[in-house]
Amino acid sequence: MPHHASRRTLLTAAAMVAATAAGAASATLGTHGTPDDPRSPEGPPGRRPDRASLRRFVDGMSLAEKVGQLFVSRAYGHSATDPDPADAEQNRTLFGVRTAAELVARYHLGGIVYFAWAHNTRTPHQIAALSVGLQQAALTSGARIPLLLSTDQEHGAVARIGAPATLLPGAMALGAGGSTADAQRAARIAGAELAALGIRQDYAPVADVNVNPANPVIGVRSFGSDPHAVAALVAAQVRGYQGAGVAATAKHFPGHGDTETDSHVGLPVMRHTRAAWEELDEPPFRAAVKAGVDAVMTAHIVFPALDPSGDPATLSRPIVTGILRERLGFQGVVVTDALDMAGVRQKYGDDRVPVLALLAGCDQLLNPPDLGLAYRSVLAAVEAGELTEARIEESVLRILELKSRRGLFDEAYTTTEAVDATVGIRRHRDAADQIAAGTTTLLANPRGLVPIDATAGPRLLVTGTDPASPTGTTGPPTAVLARELTALGCRATAVPPARAVAAVPGHAAVLVCTYNVPEQNDDDDPQRRLVTDLVASGVPVILLAVRNPYDPARLPACAAELATYSWTDVEMRAAARVLTGAARPAGRLPVPVPGRYPLGHGLTR
């Protein structure tokens, strides 16, 4: 039997087993419920439960089950029930169970978040089988509520699922394209593929307005620096994801775009005044709420103008309840950013953080470092009267309403047919290339070097930085660029930086990829030294800034300068087409490049 067919058979069998088990479960919601179950919502099979039915269901849950619904945890392994030995041992060490399915049952979890480093995202069929197995575990244990499976699939610089799934341009590239239709189309494709994999919540889009070139954690993950342009693109992506049946999550409230500390490793402070926040940071979140976004993710940042207590926003009632709920009118699910990040752990212990997040107004508690401790702490807070059970029920009801809107009570499972019909199909990959075609930005072309005349078969040297692929399934970018240029008629060769200067003679031009060149004017920086030496060779140098577009201002002027906003294959293909004239440059800078280019700059030839 072919390997591909074997995987299909296994997944189909898993889905059949899961559906059979779920169909027999008397307390399962929606189509898998039974009319005589007192906790089952009213109505015939296939009808999504209404709010009153969900409320009655919540009333019948135990406190342990209610608290479990609040948590979204990582779990190690490619399979829900048969992980590799190392992953089983990791689960046992961290959670006291061997498998992800046992973890779901033990803690009555509301969701699982997928990570590549947890070995959850190897191949499309494997991901779908994992999703089926996890849903089976949820629907045959405890309150028998389907899971909300989630991941960070922003595309561009942050993606957990790689090829053969479709990889699309990231936020700043879409910002350079400036098309809300393209942004919505990209999200619709991304959402459709996630749904086919059984993933029904994406931690995207990023609603942060990146006004600080030194921001170490947002950068190209943002659509840009113009709050109104960002707002329009955020709203478009919300519509795209949710139109595909996937919950969109606008992040990171109240705005992470002007920080100089990465909240994964420290506690950033936003220095904006309240007036500046209303002008710069609020519009994209307001637009997301107006577009009906299912969820908003909080930021682990201190924002003194919004809350002078020194608490991070995730734990701030004035920010989560006072601003997000009351000022913006958001009634959906508030999810914390990951609770294992340093930004939320500096002031309070891991036992206090989940309790304080709930007191602030959050609903979903994402990836606590010690799940058992966090779970017990919330239970203890209810038993001690610090949290009321009614407060827990508010969050559970919001979470169940989200699951209902996304159709999980109609059908929680995916199938091999859905994977094969949706994930990485030619139509999606072609659309990704079409969208990327409008994003490459030609910043400078004083000699008219671009477009290169590919019909003459010019010899081109490609070199520079080769950052690791966000998913481990693309690149390296210099090799991809050389391959695409060659396919378009050039004779392009990729060489590592150490050999580049010696290899220059005999080439018509050198193309050098740079990646986040440091702002400090350090002549010993290897990227700055490489570009300086290449320019000194006398052969025309074409600079491609493959992540943040600020690199040209930190380097010697080149014969041509472009920004791609990502180093993934789809953006390298788009850049090659612009370089050779197969496509006209259409991107416009969605952020200014201080000292060099204004917001909106972009040449068309």
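**Exercise 1. The second largest cavity**

How do the residues of the lining of the second largest cavity divide into nonpolar, polar and charged?

*Solution.* Keep in mind from the start that this is a predicted model. Begin with the space itself, for which the computed volume is about 90 Å³. Next, list the residues that line this second largest cavity: Met61, Glu65, Gln69, Val104, His108, Leu109, Ala138, Ser141, Gly142, Ala143, Arg144 and Ile145. Finally, sort them by class, which gives 6 nonpolar, 4 polar and 2 charged residues.

**Exercise 2. The largest cavity**

Find which helix gives the most to the lining of the largest cavity, and describe the rest of that lining by element and by class.

*Solution.* A search of the whole structure yields 6 cavities of 30 Å³ or more, and the largest cavity has a volume of about 100 Å³. Its lining is made of 17 residues, and the ones closest to the centre are Glu154, Ala171, Leu174, Gln237 and Tyr241. Turning to the elements, at least two lining residues are supplied by each of strand E4 (153–155), helix H7 (171–177), helix H8 (180–196) and helix H9 (227–243). The answer to the first part is H8, which contributes 3 residues. By class, the lining holds 12 nonpolar, 3 polar and 2 charged residues.

**Exercise 3. The largest pocket**

State how much space lies in the largest pocket, and say which residues lie nearest its centre.

*Solution.* The largest pocket holds about 520 Å³ of space. Of the 27 residues that line this pocket, Asp152, Val158, Arg160, Arg221 and His264 lie nearest its centre. When the whole lining is sorted by class, there are 14 nonpolar, 5 polar and 8 charged residues.

**Exercise 4. The nonpolar cores**

Which residues have the most contacts inside the largest nonpolar core?

*Solution.* As background, nonpolar side chains in soluble globular proteins tend to be buried together. In this model the largest nonpolar core has 128 residues, and those with the most contacts inside it are Phe71 and Leu134. Helix H8 provides the largest share of this core, namely 8 residues. To see the surroundings of Leu134, set aside its neighbours within four places in sequence; the contacts that remain are with Ala80, Ala100, Ala101, Val104, Ile112, Tyr114, Leu147 and Leu149. There is also a second, separate core of 40 residues, including Leu442, Met572, Leu589 and Val593.

**Exercise 5. Strand E15**

Decide which residues of E15 are buried on each of its faces, and then identify the bridge partner of Cys513.

*Solution.* First count along strand E15 (residues 541–545), where 5 of its 5 residues are buried. Then separate the two sides: Val541, Leu543 and Ala545 belong to one face, whereas Ile542 and Leu544 belong to the other, and both faces are covered. Strand E14 (residues 509–514) runs parallel to E15 and is joined to it by 5 bridges. In E15, Leu544 is the partner of Cys513.

**Exercise 6. Two residues compared**

Is Ser73 buried or exposed, and is Pro526 buried or exposed?

*Solution.* Ser73 lies in strand E1 (residues 71–73). Ser73 counts as buried because its relative accessibility is 0%, and buried means under 20%. Beyond residues up to four places away in sequence, Ser73 touches Phe95, Leu103, Leu109, Gly111, Ile112, Val113, Asn367 and Leu371. Pro526, by contrast, lies in helix H19 (residues 526–536) and is exposed, because its relative accessible area is 53%, where exposed means over 50%. Although Pro526 and Pro497 are 29 residues apart in sequence, their C-alpha atoms are 9.0 Å apart in space.

How values were computed: Residues numbered from 1 in each chain as written. Predicted model: local features only at pLDDT ≥ 70, side-chain atom pairs only at ≥ 80, totals over all residues. Heavy atoms only, no water. 1 Å grid on protein atoms, 1.4 Å probe; cavity = no way out; pocket = protein on both sides within 12 Å on 5 of 7 lines; lining within 4 Å. Points joined across faces, edges and corners; volume = space filled by probe spheres on them. Helix = DSSP H or I, 4+ residues; strand = E, 2+ residues; numbered from the N terminus. Nonpolar A, V, L, I, M, F, W, Y, C, P; charged D, E, K, R; others polar. Core = buried A, V, L, I, M, F, W, Y, C linked by side-chain atoms within 4.5 Å. Buried < 20%, exposed > 50% of the residue type's maximum accessible area, 1.4 Å probe, protein only. Contact = heavy atoms within 4.5 Å. Pairing = 2+ DSSP bridges.
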